[in-house]
Amino acid sequence: MLNRTADNAARATPEPLAKKIRGISDKGLAWLFISPTILLLLAINIFPLFWAIYLSFTNFRANRPNEVVKNLGLSNYQRILGDQDIWIAMQTTAHFVFWTILLQTVIGFTLAWLIDRKFRGHAFWTTIILVPMMLSPAVVGNFWRFLYEPQIGLFSYVISFVTGIPPTNVQMLSNVELAPWAIIIVDTWMWTPYVMLICLAGLRSIPEYIYEAAEVDRASNWRQFWSITLPMALPFIMLAVLFRGIENFKMFDMVNLLTGGGPGSTTEVASITLKRQAFESWRTGYSSAFAIILFVAVFGLANIYVKALNKVKQR
Amino acid sequence: MSRTVVSKRSYWPRWARRGLMENIATAIIAIGFLMLFQPFALSLYTYSFVTMLTGTVMFIIVSKFPE
């Protein structure tokens with residue numbers, strides 16, 4: 001059946017084109033097929049990166065395209081790396097990344113470990129747990145804003161029920177102390193299933209006979225967890241931390257929808273500052289330099305993680 | 001054939017082997033990263049980018065070195 005289809009396709013190919021294709025080597029044909037993807041990658045990934053590097057040395061403003069572009073050298077970088085507000089934004093980002101990764105990894109691994117017990121209905125519960133991850137961040141941001149509402153929000157009522165504080169006093173998004181935690185809670189709620197999924201893959205890849213051997217040696221459950229489960233799932237946990245770490249450094253949508261960087265600038269993470277500089281102050285050159293700094297930070301972090309991952313794999 | 005490989009390897013300085021150099025590059029990146037996000041001194045933040053960039057470029061170069 002397949003042969004017949006191939007024959008028909010070959011017969012349907014015009015003779016001059018068929019001759020041309022027959023004349024191309026295997027390597028040439030491979031390049032022919034892969035070149036559209038490479039061109040697309042160059043156009044939408046590589047070119048903007050080099051363009052941003054070029055702009056980071058200039059005073060270019062995207063809202064004034066006809067203005068003469070001056071070369072400022074390293075001036076943009078010097079100003080960013082001496083700016084106290086951006087330094088604070090970096091600390092806010094670090095706080096946000098640290099807590100989201102810690103909570104997501106601990107809860108995600110625990111959930112994966114429980115799901116791996118294969119209790120009755122575990123497939124159903126796995127699906128239910130995965131739902132938040134499948135939702136759009138815009139939807140999640142909007143409905144959590146309603147949940148956090150002091151007057152009508154369910155979250156405020158639950159907190160009020162547990163602590164006895166009136167629900168109108170639980171102002172998660174407008175309180176300076178609580179607003180960063182409001183975002184951390186939402187991000188953890190949304191992305192813990194993702195970490196769980198990766199950890200579950202790691203737990204399921206551990207061969208059963210290792211546990212059987214440990215049982216024969218009369219190793220306790222606790223000992224089995226520390227000596228078998230955790231070390232063998234570690235590459236997967238590190239992979240999840242790497243993915244979430246890189247994603248959370250670039251975190252924008254959730255913060256923008258929930259607090260917009262406020263109250264004041266308590267939740268102004270680096271990406272929000274970047275957006276304000278690029279599209280509110282229209283300092284394109286300056287914001288390009290900021291983006292390059294963040295890129296180098298994430299790239300360096302990825303290098304460390306990949307190295308650590310290879311080391312763990314080799315054990 | 002194998003003798004050629006051994007003599008080729010011996011020309012490469014021992015201190016410039018990939019493992020060691022990658023570890024140094026990783027340490028420089030980690031220090032730069034901590035400098036970027038620490039809340040203690042603005043001067044450390046100022047020099048964080050240069051440190052991270054040095055580490056990253058070094059990592060890219062030394063990862064091509066022989067083991």
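**Exercise 1. Determine how far apart the C-alpha centres of domain 1 and domain 2 of chain A lie.**

Solution. Step one is to fix the bounds: domain 1 of chain A covers 2-55 and domain 2 covers 77-314, as given by an automatic or database domain assignment. Step two is the distance: the C-alpha centres of these two domains of chain A lie 40 Å apart. The model is predicted, and local features need pLDDT of at least 70, side-chain atom pairs count only at pLDDT 80 or more, and totals for chains, interfaces and linings use all residues. Residues are numbered from 1 along each chain as its sequence is written, while chains are lettered from A and ligands numbered from 1 in the order in which they are written.

**Exercise 2. State the helix content of the annotated spans 224-246 and 286-306 of chain A.**

Solution. Both spans appear in the "transmembrane region" annotation of the unreviewed UniProt entry for chain A; such positions are given in the numbering used here, feature names are shortened, and annotations may be inferred rather than shown by experiment. Residues 224-246 of chain A are 100% helix and 0% strand, with end C-alpha atoms 32 Å apart. Residues 286-306 of chain A are likewise 100% helix and 0% strand, and their end C-alpha atoms are 31 Å apart. Helices (H or I, at least four residues) and strands (E, at least two) are DSSP runs, numbered from the N terminus.

**Exercise 3. Describe the side of chain A that touches chain B.**

Solution. First, 17 residues of chain A are in contact with 18 residues of chain B, contact meaning that C-beta atoms, placed from the backbone, lie within 7 Å. Next, α5 (84-115) and α14 (284-314) of chain A each supply at least two residues of this side, and α14(A) gives the most, with 9 residues. Finally, the residues of this side of chain A divide into 11 nonpolar, 5 polar and 1 charged. Here Ala, Val, Leu, Ile, Met, Phe, Trp, Tyr, Cys and Pro count as nonpolar, Asp, Glu, Lys and Arg as charged, and the others, Gly among them, as polar.

**Exercise 4. Characterise the packing of α2(B) on α3(B).**

Solution. Helix α2 (residues 18-37) and helix α3 (residues 42-62) of chain B pack at an angle of about 155°, with axes 7 Å apart. Axes are lines fitted to C-alpha atoms, for helices over the stretch in contact, and angles run from 0 to 180 degrees between N-to-C directions. The angle therefore makes α2(B) roughly antiparallel (over 145 degrees) to α3(B). By class, the contact of α2(B) with α3(B) has 15 nonpolar, 7 polar and 2 charged residues.

Methods: Contact = placed C-beta atoms within 7 Å. Parallel < 35°, antiparallel > 145°, perpendicular 65-115°, else oblique.
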